[in-house]
Amino acid sequence: MPLSLRLSIADALTLGNATCGFMAVYFTTTGILIPHLTGSDEFGMARHSAATAVILMLCAAVFDLFDGLVARKLRSSPMGAELDNLSDLISFGLAPAYFVLVYGLVADDAHQRVAALGAIVVLLAVVLRLARFSCVTLRDGVFQGMPSPFGALTVVSVVLLELPFVATLLAIIGTAWLMVSRVEYPKPRGPLAVAMLSWIVAAMGLLAAWAFDAPGGQLLLQTGCALQLVLAAVIPLFATARRVNNFRGNRREARAVRLP
């Protein structure tokens, strides 16, 4: 095959990312939406399907984490960057946006059209973020805007918390704004990558406990979702404070240079 069409190991991981995103949409449809529309929905089945869909998004995040590490250690094909963006669009754009859309259809206090608008906002935020990522060159080690895997996990955490509809919608729109913002986020490398992987594994455990109705499973899931929202809110504050401190430090240095 031509060199431009050969898939590397990193590309295979990227395709695993896309597959997980598609299967998350599948479980959201077959386990939550269709039973609700046909009147045969059971809470246990919907809970299992919701947990499975979110776990698949988390698996997609693991694939996304490792494909970059493998690409740096080994090699990536000329298609690597394009495959990564397309896979991220499926797993962290379409899948969470569809999750929000279905939430608007099945939740008792939700408004379908407004929830559909929130889902569109999430999808477009990921599209814009990925497009900007391909065009803008930043200093090494940082992302501009909330990374789409982190944003997708935050969006589904908001839905799983079962807050009032207005609060849920505002939190979803706020997350979408963070994804297209100029706030700098560190890339998951070294200890940060290990911490991120540990958090994903812990989140999978919380979802499994909730799905199988383990003692305290509901409380554990809500605690994990709340912690995810706290992280989503605190990281931009730290990043903004760091930028302000750097700006002040540069101004002090400039004044010191101008002084005789």
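Colleague: Which residues of helix 3 meet which residues of helix 5?

Modeller: In this predicted model, Asp88, Phe92, Pro96, Phe99, Val100 and Tyr103 of helix 3 are in contact with Ser148, Pro149, Ala152, Val155, Val156, Val159 and Leu160 of helix 5. By class, the residues of this contact are 11 nonpolar, 1 polar and 1 charged.

Colleague: What makes Asp88 the kind of residue that counts as charged?

Modeller: Asp, Glu, Lys and Arg count as charged, and Asp88 is one of the helix 3 residues in the contact.

Colleague: At what angle do helix 3 and helix 5 pack, and how far apart are their axes?

Modeller: Helix 3, residues 80-106, packs against helix 5 at about 15°, and the axes are 9 Å apart. Helix 3 is therefore roughly parallel to helix 5, since angles under 35 degrees count as such. The crossing of the two helices is left-handed.

Colleague: Why is helix 5 called largely enclosed by the rest of the structure?

Modeller: A residue is buried under 20% relative accessible area. In helix 5, 13 of the 13 residues are buried, so the rest of the structure largely encloses this helix. For the chain, 43% of the 260 residues count as buried.

Colleague: How do you know that the span of helix 5 agrees with what it should be?

Modeller: The expected span is 1.5 Å times one less than the number of residues. For the 13 residues of helix 5, residues 148-160, that gives 18 Å, and the end C-alpha atoms are 18 Å apart, so the two agree.

Colleague: What phi does Glu162 take just after helix 5?

Modeller: Glu162 has a positive phi of about 60°.

Terms used
Residues are numbered from 1 along each chain as its sequence is written. This is a predicted model: local features need pLDDT of at least 70, side-chain atom pairs count only at pLDDT 80 or more; totals for chains, interfaces and linings use all residues. Side-chain values use heavy atoms; hydrogens and water are left out. Helices (H or I, at least four residues) and strands (E, at least two) are DSSP runs, numbered from the N terminus. Buried means under 20% relative accessible area, exposed over 50%, partly exposed in between (1.4 Å probe, protein chains only). Axes are lines fitted to C-alpha atoms, for helices over the stretch in contact, and angles run from 0 to 180 degrees between N-to-C directions. Angles under 35 degrees count as roughly parallel, over 145 as roughly antiparallel, 65 to 115 as roughly perpendicular and the rest as oblique. A crossing is left-handed if the near helix is turned anticlockwise from the far one by less than a right angle, and right-handed if clockwise. Contact means heavy atoms within 4.5 Å.
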